Amino acid sequence: MVDILVPIQIVTQTYSSTLLEHPFLIKAATGFFLCGLGDVLAQFRSLQQSSSALQGQQQAKLFFDRMDWMRLARFAVKGFFGTCIWALWYDMSDCILSEEHILSLLLSLGFNDIRDALLNALRTVFLVLAEQFVTCPIIYGLWEIPTSTLLNGAPASRIKYEVKDKLLDMLFENAKVWTFANILIYNVPLQYRTGLANIMDVIWQSIVSDFAAKCGKNIEMVGDDEPKEVDEEMVVVTREMVSVPRTSVVVTSIEEQTQTANYAEVT
């Protein structure tokens, strides 16, 4: 068991020391990798749902054949910069919601006998509430959804509709994933926090990836006021109709005329 933990400890120590030397680059590279892995999981999950009858090897081959590499690249690049935004929030929250500040607040409210366990619990509650009700709406509404919309090729005028359509759903999913996860992360020993947070982030990014992939897609503008969902099946049918060669249309028309003429002669 000890031999298994040694490589993990070496990797963790190397990562931590490199992070101290090059914080921006390492955080951004970590975000790039985690978001890329999350998108791969999201695409694989989607494939499993649509081809559950296939065997393992067949499913793996189909997965690589259908892999949307541009979607993966867009989401990973967004994660490269987005991780730095979140890192800024965590640094600010450690400063603003530090134990010293919370203790000063409680003392000013007349709470004199405060134990460490209570102080830590209150700090965890403040951090979770601040993240879910302040930070997440700001970052999702000003970064995640707008950036995904633009990276998918939609015009900037679509951003406000995408935010209105997806923000509440993202916040709801965030609460389901991160409420318990943050309570756990803020209270485990310090040496395990980074690894646990990264594991949870991969899971979360696989959810965000599906939101990001839909930003700016399958919606057409009706006038200047509101977007309208486009039926994907109708789009496929329309494209097939458009792609029919003109000669086949002419042949069909001639056959119809011939049948009409024969029918006239019989009658």
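## Overview of the predicted chain

The chain's secondary structure comes to 10 helices and two strands. The model is a predicted one. Along the sequence, the elements follow the pattern α-α-α-α-α-α-α-α-β-β-α-α. The chain has 267 residues, of which 33% count as buried. About 17,800 Å² is exposed by the chain, and carbon and sulfur atoms supply 65% of that area. Among contacts between residues at least 6 apart in sequence, 69% join residues at least 24 apart.

**Confidence**

The average pLDDT of the chain is 81, and 76% of the residues score at least 70. The table lists the helices with the highest and lowest confidence in the chain.

| Helix | Residues | Mean pLDDT |
|---|---|---|
| helix 7 (highest) | 159-185 | 95 |
| helix 9 (lowest) | 232-243 | 44 |

Over residues 221-225 the pLDDT is below 50, and this stretch has seven contacts in the model beyond near neighbours in sequence. Residues 231-254 also have a pLDDT under 50. For residues 231-254, the model has three contacts beyond four places in sequence.

**Interior**

The largest nonpolar core consists of 30 residues. Tyr140, Trp178 and Trp204 are the residues with the most contacts inside this core. Two or more residues of the core come from each of helix 4 (69-96), helix 6, helix 7 and helix 8 (190-214). Helix 7 gives the largest share, nine residues.

Which residues does Trp204 contact, leaving aside its neighbours within four places in sequence? They are Tyr140, Met170, Glu173, Asn174, Val177 and Trp178. Apart from the largest core lies another core, of five residues, including Leu47, Phe63, Met67 and Leu72.

**Surface**

A nonpolar patch lies on the surface, formed by Leu105, Leu109, Phe111, Val125, Phe126, Leu129, Phe133, Val134, Ile138 and Leu142. Together these residues have about 1,000 Å² of accessible area. Helix 6 (residues 116-151) supplies the largest share of the patch, seven residues. Helix 6 is also among the elements that give two or more residues to the largest core.

One residue of the patch is Phe133, and its place is in helix 6. Is Phe133 buried or exposed? Phe133 counts as exposed because its relative accessibility is 60%, and the cut-off for exposed is over 50%.

Definitions and conventions
Residues numbered from 1 in each chain as written. Predicted model: local features only at pLDDT ≥ 70, side-chain atom pairs only at ≥ 80, totals over all residues. Heavy atoms only, no water. Patch = residues over 30% accessible without salt bridge, like charges linked within 9 Å, V, L, I, M, F, W, Y side chains within 5 Å. Areas by Shrake-Rupley, 256 points an atom, 1.4 Å probe, with all protein chains shown as cover. Salt bridge = Lys/Arg side-chain N within 4 Å of Asp/Glu carboxyl O. Helix = DSSP H or I, 4+ residues; strand = E, 2+ residues; numbered from the N terminus. Buried < 20%, exposed > 50% of the residue type's maximum accessible area, 1.4 Å probe, protein only. pLDDT = per-residue confidence, 0-100. Contact = heavy atoms within 4.5 Å. Core = buried A, V, L, I, M, F, W, Y, C linked by side-chain atoms within 4.5 Å.
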